[in-house]
Structures are given as structure tokens and as C-alpha cells.
Amino acid sequence: MANKDNKGKPKIITVNVGLSWLYILIIAGIIWMLFNNSGAKPQKIEWAEVETMIKAGDVKDIVFVRNEFKGEVVIRPDRLSKYSSRFNGKVPASSPHFWFYVSNKFNPEVDFGLLNSELPEEDRFKVVLENDDKVWGQILNWFLFPVLLILMWVFMFRGFNRNMGAGGPGAQGGIFSVGKSTGKLADKNMVKVTFKDVAGLYGAKEEVMEIVDFLKNPAKYTALGGKIPKGALLVGPPGTGKTLLAKAVAGEANVPFFSISGSDFVEMFVGVGASRVRDLFRQAKEKAPCIVFIDEIDAVGRARGKNVGFSSNDERENTLNQLLTEMDGFDTNSGVIILAATNRADILDKALLRAGRFDRQIHVELPELKERVEIFKVHLKGLKLEPDFDVEFLAKHTPGFSGADIANVCNEAALTAARKDKPQIDRQDFLDAVDRIIGGLERKSSIITPVEKRSIAHHEAGHAAVSWLLPFAHPLFKVTLIPRGQALGAAWYLPEERKLWTKSQMMDEMSSLIGGRVAEEMVNGEPSTGAQNDLERLTQMAYGMVKYYGMSEKVGALSYYDSTGSRGYDLTKPYSEKTAELIDEEVKSLVSYIHDRTLKLLTEHKEGFLQMAALLLEKEVIFAEDVERILGPKVKPPEDAQAPSEA
């Protein structure tokens, strides 16, 4: 049978009825009550009309409520037709048919008795006298409002619980969890990231590997009287892999990993941030040995007194004070290590960086050529590439790219190949992806007049020619007239990854920047607005040489740069007005020299420069091979100037 299982035993069928079904039934009942009344409603009449009905013998029953002085009249069925006009032809389907009110002087026993005595036996009516105690009405009056308050309170707590979160392990939920830590706990069996997943970052990995050894073999270090470092600060540009490195530490050490952002501590309620810090460290001590990772710690660790627009009693500063106290409050050998990441170490509070809190600063820099090759290999694993794909070529063409940028390039190349319906991803797809990421989306619908296009061609050819003819300028890769982003054209270079810059290198780079404007002056007789970005970068480099690097003879070997940030928001200059005028004069003199030098260089090679511009107008994109065919091999620096000494 259908109601038995395979063994012949009766099945137990369970039906889950949720509260939603109860709500549906209640709503359906209300709708039925509202719309199922097929007859008309009872009509209110006066006592004089009731007397007339009684004397006419039309009344069957009267129900009179003493304490309300209200009566309800039921008409005899055979007499209802007389009153159909009162109901617009639609007589009520059920009694009563009429109702009335009387004054408190009305005596129902006497008055109804007199009327009945005057009527024949067959026309007399039945009288029912009762009192309405209103028990349910009183119950509703007393209990309905408190019940509504309780329901509102429950739903309000549910709303707080949804908006503010459960508050981490051990939280009670609802509004009472607002002070709980919002950090995410990844158990030691859940963290699968290891150092194999972190490509490059050789120096940083070596530093954090020692932290892993602290957690695995603490006795090795404490046996000699040493103390395990409390914390390490990962410092570096965005996208270099600081968060990934912290997860790899937890994965290698096989310990629980608490992850929280600095902004999660900051809340509009007073004292919440400090409460969350206390709760985070309480949980960490319970899970020790473990790692607590605070991402973007500058959101809460900004130097006190530098929060513009906030007083000294700012909630951010209270949270920072609590963080400092907690980092001092646990023992060095408790097995809790704090890792934090930021790309703004210069604005962190000095008390946070002192030894005993963050004992080490690990710098996670942009990857170099060899490191970029390894990072590309990690992100190329799942892509369908053409045979014998050259990864080193990509690494050479992406100087200054972070790990996140490289991941974006790989993904964008795959999308580009799919857009062109290619079965595999080739080198050109990656080059197009790099162009799109650096320069922006190609603007095919941009309308450029022939005069403007000619001016742009000469401008970009000027950049390319000057960089090709100067020994210390960055090597050229290609020149294009295709508009991308806000740029109408661009000269693409492969910058040398220099750690130090000499004065000659900076001057050659400045000449390359102003080369486009000088080329416009030569051909058009006047400059255009297209050199705005070039002039901005040129001015910054010129002021840097004079104010920061001591490369001006008149100003001398002085630097007015504040790398510590100790001056804060002090708007005064660290030099006199006379020195400021001297700096301005030196910058103008330097830029004037760069301009004249570039003009002389382009004048000497005007024929080749104009030939490059014509080829660019014809092809819209030219490469280093085309420039070499016109101007000859790239001018290289002297042998003794290839690598500037560190002295």
C-alpha cells in the first residue's frame, strides 16, 4: 500500500506547517469576512419608528441590552417585503434587521409590556433582556497594547541582529552583540593557503617563515631566554600580496587564523570599537596558539591628534588606545601573534610601531622581473595558452605591476581572446590587455579632425624621438594614435627598474616628457593643451631635484622633504620666502634648459622625426623596430654610467 514502507510497516507522514501558513489563513479569513456578507447591514432607526412597527404587528423579537440601552429588532419573515425599500431592495440575510438607542429613563419591562398588552395574541413579540459584560473587550484593552509592544521589541531585535551581525564566536546575537568582535575565524583545518601559493616575495617570505617557526617550535627560541615577537607589520603598495602572505603563515603553521579589517573596529556607537578589540583578543587567547590578522590597520591606527575634524576624544583614538593596551596585556609566550597590513605606514601612530607591539616591519614591495615570471605562472595555470608561450616576454612588458595587476592582466587577456572567438590565448591578447589596463578602453567612436590628428602624431613622435636619442631615457616599446581613456595618443615605454636615479637620468627623462610639446612648437609654431600631463610630471620632477634631492648648485645640498610626517598639518614652509623665490628661479632655469636642449636635439634630427610622424599617421601604431629603421640604433649610455654607484 502507499502508506506502508518496503518492510510493510506503516509510514509516519510528517507535514511541516510554518507560521507563514498561519498568517495566510488569518488573512484569508479576514478577506472572507469582509467580502462574504451577501446581505445588507442592519439599519439604525429611532424609537418612534419601532413603536409604529410594533403596533403594525411586524416585529417578531426585540433583544434589549440593559447596560447599553440598545435594542435590536427582528422583523417577521412574511413582513420583510414591506421594508425592502429601506435596504435598497436587498434585505439582510440574517437578523437583526434594525437597531435603536433609547435614553437611560427607558424601562424595558414596563414599556414593552404595555405595547404587548395592546396587541392581539398573534401579533405580540418576544422580548429578551440581557447585559453585555464586555469581557473580551476589556481583555483586549488590557492586553492588546502590551502584546503589540512585545512584538515590536522582538522584530526590532531581529532587525539589529541582521544589520549588525552575530558578532563572532560566542556572541548572543541581536543588539547585545554590537560590542562583539566581527573578526572571521578560520580554523586550522580550513586555511589551505601555503607558501607554494605565494609566488615571488622572497625577502618577505623569509621573514614570515621565521614567524611560522615560532609557532611550530616555540621552545627552540625560549630555551635560550629569547622572547617570541608579538607582532609583525606588513608594509607595501596595494595588491602586492600582504593578505595572501598572512593567510600562508596561518596555513603553514596549521593554527587558527582570525581575520578582521581595521574599519570593522570603527562604529558610530561610543565604546563599541574598544569593546570589539577586547573581545577579539579574548577569543585569540582562548584559541592560542593562533594568528590575528588586522588588514588596513591605518583605519584605526592613525597617529593620534591627526584626525582632522575630530576631537581628542574621538572614538577612533579610544579604539587605538584599547588596541595598544591589549597588545601590552598578553604574555609574549602566549602563542598569539599579531599580523597587520597597511600601505600607509607613514601615518601610523608611533606607539603602535614601537618594539614590544609590532616588533618587525616586513616590506612587501612590487615584484621584480624574476618574481613577475613566477606570479604569471601561478595565474596562467587555468588558462588555455598557445603552444610555447613566452612568459618572460610578459614579465618584461609589465614593469611596476603588482600581483593583483598581473592577475587582472591574465583575466583580461582571456576575456579579450573569448571576445574574438579564439580557441587559445596568444601574445597579442596579453598585449591588448596591458594596453587596456594602463591606458583604458579604446575609444573607437572618438571624432578627431585631420588637423588634430596631425598635431597628435607630431606630439607622440616628439616623445618617441627624444627618448630614443637620449642615453638615459626609458626604452621605447611602441607609439600609438589610438585614443584610450583620456589620452588621445600615447608613447609606451619599458621602464628600467632603477633603485637609484642620477641627475643625468632625471634630466634625460624630463627631456623625454617635454619632447611632445617642443615638437608641436616646431611644426605648428605654438603649443596645445595636449601636453598638460607632461608638464605636470615635468614640474614635479624639477621641484623634486631642487627641493628634495639637493641637485641645484644655488640652493645647495639641502632637502626640505619631511619623510617622518612629524610636521603633520603644519601649513608653514620649512624655509624662508627668499629661499622660496630661489627655488622657483632654479626650477624655471632648469625647465628652460631642458626645453632648449630638447629643441636642439629635435632640430638636429628633424628629418627623421617628421618621417616618424608621417609613418605614425599612416599606420596609427609603430613599434621600436620602425623607430630604429628611421633613427638608427637606440643611443646607449657610456659603459661607466650604466649602473650608478650607491655612494
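**Exercise 1. Find which helix gives the most residues to the lining of the largest pocket, then describe that pocket.**

Start with the top contributor: H16 supplies 8 residues of the lining, the most of any element. Keep in mind as you go that this is a predicted model.

Next, get the volume. The largest pocket holds about 1400 Å³ of space. Its lining is made up of 48 residues, and the closest to the centre are Gly489, Ala490, Ala491, Asp534 and Arg537.

Now list the elements that give two or more residues: helices H15 (427-439), H16 (450-469), H17 (503-524) and H18 (532-548), along with strands E12 (476-480) and E13 (490-493).

Finish with the chemistry of the wall. Sorted by class, the lining has 21 nonpolar, 18 polar and 9 charged residues.

**Exercise 2. Work out how the lining of the second largest pocket is put together.**

Volume goes up front again: about 470 Å³ of space lies in this pocket. There are 20 lining residues, with Thr416, Lys420, Asp432, Glu442 and Arg484 closest to the centre.

Then ask where the lining comes from. At least two residues each come from helix H14 (403-419), H15, E12 and strand E14 (621-623). H15 has the largest share, at 6 residues.

Last, split the lining by class: you get 8 nonpolar, 3 polar and 9 charged residues.

**Exercise 3. Lay out the sheet of 5 strands and say why one side of E1 and of E5 is left without a neighbour.**

Write down the order: E1-E4-E3-E2-E5, an open sheet with mixed pairing. Look at the ends of that row. Strand E1 (43-44) and strand E5 (126-130) each have a single partner strand, so one side of each has no neighbour in the sheet.

Zoom in on one pairing. Strands E3 (70-75) and E4 (98-101) run antiparallel and are joined by 4 bridges. Within that pairing, Val73 sits opposite Phe98 of E4.

Now add the helices. Helix H2 (47-55) lies across strand E2 (59-65), E3 and E4, at about 145° to E2. Helix H3 (108-117) also packs on the sheet, where it touches E2, E4 and E5, and its direction makes about 175° with that of E5.

**Exercise 4. Do the same for the sheet of 3 strands.**

The order here is E13-E12-E14, open, with antiparallel pairing. E13 and E14 are the edge strands, each pairing on one side only. From one strand to the next, the twist averages 15°.

For the pairing of E12 with E13, count 4 bridges between the antiparallel strands. Lys478 stands opposite Trp492 in E13.

Then place the helix: H21 (624-631) lies across E12 and E14, and runs at about 70° to E14.

As a cross-check with the pockets, E12 and E13 also show up among the elements lining the largest one, while E12 and E14 help line the second largest.

**Exercise 5. Decide whether Arg79 and Asp58 are in neighbouring or distant parts of the chain, given that their side chains meet.**

A bit of background helps: side chains of opposite charge can pair when their charged atoms come close. The cut-off to apply is a nitrogen to oxygen distance within 4 Å.

Test the pair. Arg79 and Asp58 come in at 2.6 Å, N to O, which is a salt bridge.

Locate both ends. Arg79 is in the loop between E3 and E4, and Asp58 is in the loop between H2 and E2; they are 21 residues apart, so to speak linking distant parts of the chain.

For the whole model, the count by this rule is 18 salt bridges.

Conventions. Residues numbered from 1 in each chain as written. Predicted model: local features only at pLDDT ≥ 70, side-chain atom pairs only at ≥ 80, totals over all residues. Heavy atoms only, no water. 1 Å grid on protein atoms, 1.4 Å probe; cavity = no way out; pocket = protein on both sides within 12 Å on 5 of 7 lines; lining within 4 Å. Points joined across faces, edges and corners; volume = space filled by probe spheres on them. Nonpolar A, V, L, I, M, F, W, Y, C, P; charged D, E, K, R; others polar. Pairing = 2+ DSSP bridges. Contact = heavy atoms within 4.5 Å. Axes fitted to C-alpha atoms, helices over the stretch in contact; angles between N-to-C directions.
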